[in-house]
Amino acid sequence: MAEPLKIALAGLGTVGVGVIRLVEANAQLIARRAGRPIQITVVSARDRNKARGVDLSPYAWEDDMVILGERTDVDVVVEMVGGSDGPALALARTTIEAGKALVTANKAMIAHHGLELAAKAEDKHVALKFEAAVAGGIPVIKGLREGAAANEIERVYGILNGTCNFILSTMEDTGRDFADVLAEAQARGFAEADPAFDVEGTDAAHKLSILAAIAFGSKIDFGAVDTAGITRLRAADIAQAAALGYVIRLIGMAETDGVDGNRTLFQRVQPHLVPVDHPLAHVDGATNAVVAEGNFSGRLLFQGAGAGDGPTASAVVADLIDIARGEVSHAFSMPVGELEALGPAETGHRQSRAYVRFMVADRPGVLAEITAALRDAGVSIESLIQKGRSGDAVMVAMVTHEGPESAVRKALSLLEGSDSLTEPPLVLQILGD
Ligand code: HSE
C-alpha cells in the first residue's frame, strides 16, 4: 500500500481525542477507502500532562503547536484548538504557508478568516477543509460542494446549534426554565466553552455564513448576519406557540435577493415559529438539520448529530480521507476570485407572518394602544391572546397575517417609549413552506 498520510493533531479536547480514537479503531477500513493509511505522527495541546483517556505514547509531542506544519513528519495539520484568532489562526497560516493541508473544525476562524486562508491554500495548491465546522457529523459541506454542485441553490436554512435546539425542545417537553436547561446542556458537553456563543446565536451565525458562501458562491460575510439568540424566550412563548400549532426553533436562514448584477445576500439567525408538520419541527435535542433548495434537485434535507466527539471526528477524518485520495478542491467550491461580494439584503419588503409578543401593564386601554399602532402601520392581526400575569405585567401575544416586515417594525416604532410596555416587544418570524 502507498505511503501513509502523516497527520499532526493540534488540540486534544473531546473532539481531538475523538479523532485519535476513530483513526485507531477504523484504521484498516480507512486505509482501504483512502488508498493509503492515515497515521497520526505528532500531537500538541496546551497541557501535556492532562489525563485524556487515550494513550499518547505512540505519537511525538510538539510543545509549540504553531510550527506543526513545518515538521518533516507532517503532511496535514488538524486544528482542533478553537477560537477565531490566536494560536488557531497562527497555526492555520503557518501550516498553509509551509505548503501543508489544513483540516479544521473551527467555524469561528473560518467565518472570520476563511477567505484569506482559502486564497493562501489556492496559492500553495493545498487543501483547506472544514466539514466538521458546520453541523458536526452531517456531511452538509460535502453535500453542497459536491452532491448539489450542479444546482443554483435558492435557499439554505436549518437548525445549526445543538445547544439551543436541546434547550428549546427540552423547555417544550418539560416546561422547565431556560437557565436550568442551559446548565444541563453544558453538563452534557455540547455547549461552547462560552455558552453566550450558543444562546446568543453567534455559533449558528458562524455556521450560516460558511454555508451561505458555499451555497451561493459569495464571499463570507459573517458580520452581515442579522443575529438574535434564544435568551429572551419565555416558557409562555413556547406554550403559546404550541397552542397555535408551532414549535420554536433557532433557525439560520440565507438566500439571495435581487437580480443578477444587483444581487444581495439575506442572512439571519433568529428563533422562528415552525409549523408542527414541517420537517424541522421534528428535530429535537442536540440534533442539527439543514435544508438546501436546489433549482434542479429540489429540497434536500441533511440531518444528524451536530456536535459530540464521534460525529465531529467522523467529519474530520472524512476530510483526511479526501486529502489522502489526492483531492485539492476549492474550499468554497470555486476559486476565491470567483466568489461574489454580495451586499446585505434589505429586509423591509420581505413578506412573512410574524409572532409578536408584548409584556404590558395591566390597565385599561393598553390593548387598544397596541392594536391602534398595528392598525396605523398596516399590520393585520390573525389571532391574539392575552395571558395571565407575570409580576405586574401581562403577556399579549399575536400572530399577524402575511405582510412586509417593515410594517411590523413601523408598529413597534410607534409604540417605542410607551410606558404601557414593561419590556421591548419580541418578534419572531413564522417559517413558511
Ligand atoms: N456548540 C455547538 C452546538 C457545537 O451546540 O451546536 C459545535 O458546533
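A polar contact here means a pair of N or O atoms within 3.5 Å; within protein, one must be able to donate a hydrogen and the other to accept it, and residues adjacent in sequence count only if both atoms are side-chain atoms. By that yardstick, a polar side-chain atom of Lys-107 sits 2.6 Å from an oxygen atom of the ligand. Lys-207 also reaches a ligand oxygen, with a side-chain N or O atom at 2.8 Å, while Asp-198 places a polar side-chain atom 2.9 Å from a ligand nitrogen. On its own the ligand has 260 Å² of accessible area (Shrake-Rupley method, 1.4 Å probe), and the protein covers 90% of that.

This is a predicted model, so local features need pLDDT of at least 70, side-chain atom pairs count only at pLDDT 80 or more, and totals for chains, interfaces and linings use all residues. Numbering runs from 1 along each chain as its sequence is written, and side-chain values use heavy atoms, with hydrogens and water left out.

The shell around the ligand (residues with a heavy atom within 4 Å) includes Asn-161, Gly-162, Thr-163, Phe-190, Glu-192, Asp-203 and Ala-307 alongside the three contact residues Lys-107, Asp-198 and Lys-207. Sorted by type, the shell comes to 5 charged, 3 polar and 2 nonpolar residues, with Asp, Glu, Lys and Arg taken as charged, Gly among the polar ones, and Ala and Phe among the nonpolar.

As for overall dimensions, the C-alpha trace of the protein chain spans about 80 × 50 × 35 Å along its principal axes.
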